[in-house]
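Dear colleague,

I am passing on the structure below, together with some notes on what came out of going through it. Please read the notes with the structure open beside them.

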Amino acid sequence: MAYVDAEIASQPDCWRAAARLAGTVTDALPHPGERVAVVGCGTSWFMAMAYAGLRERAGHGETDAFQASEFPADRRYDRLIAVTRSGTTTEVLDLLAALRGRTPTTVLVGDPGSPAVTLADTAVPMPFADERSVVQTRFATTALALLRAHLGDNVEALAADAEVAVRAPLPLDPARIDQATFLGRGWTVGLAQEAALKCREAATFWAEAYPAMDYRHGPISIAGPGRLVWAFGELPDGLPEDVAATGAAFVHSRHHGCHTVLGSWAAGRTPVDPMADLILAQRFAVALATSRGLDPDAPRHLTRSVVLA
C-alpha cells in the first residue's frame, strides 16, 4: 500500500483530533468581525480559499485567500492565517517575516519544529496530521476541519461522512477516463481546485477546475465521451443535462443528496459533505496513478516542500 493510501484513510480520525484541538486554540484563530487573510501555496492555498468562503458565509467577517507569493503587501488585515504542512515553504516564510510587527499572524503547521513556528506570532501545530507523502491529503483537510470546527461546524458529522468516503466504491473506473474537470460553487471552488491538483500531481493526468457557473462559458467545449465532470456542492440548474448531452461522465455529491451519471447509466450514492467527497476524489487520483503504472508516492518533478535558494 502507498503511504498516501494510508494517509487518506486516516482522515476521519485526524478531523476528530482537529475538532478537539480547535477548542484549545481559540485565541489563535480569527474572532468574529475581524478582517482576515488566509494564505498558502498549492494545496494549502486551495484550503485557504475554502475557509474564506465558509467564514464569510457564516457571517464572521471579510475573509480573503491568497497564494503566499501574491499577498498584497499594502492591504491591511486584522489577522493573517498561514497554512503550511512543512513550515519550510519559502514564500510562506518570507511573508511571515515581512509581516512581523505589522499584522498578527497564526500558522497552522504539521511540523512543530519548523521555521514557520518561530516566525509567526502564534502557531497551531498539528503533528498528528503531518504526512510522509509528497502528495498532500490529510494535513490539508485536517487544517480545514480545525477551521470549520472554530466556525461552529459539526466536525463529528463531517468525520462520519469521511468514514463513508474512505470505504465507498469509486464512482467510476479511472481507466475509462482520459480527462477530468472539477467544479465547485462558493467555498467548494477550492475543493474543486484541490481535486484537480491531486490528479495532476499523483497521476500526471489532464485535470482542470472551474467555478460551476462558469463551466458553460467555454470549458464545456472539451467535454465528451471518455471525459469526466465532477461537481462539489451546490449544482447549477440544468448542468447535469448539459454535461450528459456531451457524452461525458458526470459525478455530483452534495449534503442533501447525490447521484452519479455515466452517460445513460445512473446509480445512487450515500450523501456526504463536499469535504468528505474530496476524499473520494483523492482516492480517484491515486487509482488513476495506479492504472497508469505510476507510483503516487513518487510524483514527477515534485518535492515535499518548495524551498528556494
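Helices in these notes, such as α8, are DSSP runs of H or I with at least four residues, strands are runs of E with at least two, and both are numbered from the N terminus. Please keep in mind throughout that this is a predicted model.

To begin with helix α8, which covers residues 188-203: at 1.5 Å a residue its 16 residues should span 22 Å, and the end C-alpha atoms are indeed 22 Å apart, so the expected and the computed spans agree. Of the 16 residues of α8, 14 are buried, and the helix is therefore largely enclosed by the rest of the structure. The residue that follows α8 is Thr204, which has a positive phi, near 45°, although Thr204 is not a glycine. Thr204 belongs to the loop between α8 and β7, the latter being residues 207-211. Is Thr204 itself buried, partly exposed or exposed? With a relative accessible area of 32%, Thr204 is partly exposed, because that value falls between the 20% under which a residue counts as buried and the 50% over which it counts as exposed.

A second place to look at is Asp277, which lies in helix α10, residues 274-291. The relative accessibility of Asp277 is 1%, and so this residue counts as buried. Between Asp277 and Glu208, which are 69 residues apart along the chain, the C-alpha atoms are separated by 17 Å.

As for the chain as a whole, the protein has 10 helices and 11 strands. Its radius of gyration is 19 Å, close to the 19 Å that the globule rule gives for 309 residues, so the chain is as compact as a globular protein of that length. Along the principal axes, the C-alpha trace spans about 60 × 40 × 35 Å. Buried residues make up 57% of the 309 residues, and among the contacts with a separation of 6 or more, 69% are between residues that are 24 or more positions apart.

Turning to the surface and the charges, the accessible surface of the protein chain comes to about 12,300 Å², with 52% of that area belonging to carbon and sulfur atoms. The chain carries 27 positive and 35 negative side chains, and the centres of these two sets lie 1 Å apart.

With best wishes

Notes: Residues are numbered from 1 along each chain as its sequence is written. This is a predicted model: local features need pLDDT of at least 70, side-chain atom pairs count only at pLDDT 80 or more; totals for chains, interfaces and linings use all residues. Side-chain values use heavy atoms; hydrogens and water are left out. The radius of gyration is taken over C-alpha atoms; the globule rule is 2.2 Å times the number of residues to the power 0.38. Buried means under 20% relative accessible area, exposed over 50%, partly exposed in between (1.4 Å probe, protein chains only). Contact means heavy atoms within 4.5 Å. Accessible areas come from the Shrake-Rupley method with a 1.4 Å probe; for residues, only the protein chains shown count as cover. Lys and Arg count as positive and Asp and Glu as negative; His and the chain ends are not counted. The place of a charge is taken as NZ of Lys, CZ of Arg, CG of Asp or CD of Glu. The expected span of a helix is 1.5 Å times one less than its number of residues.
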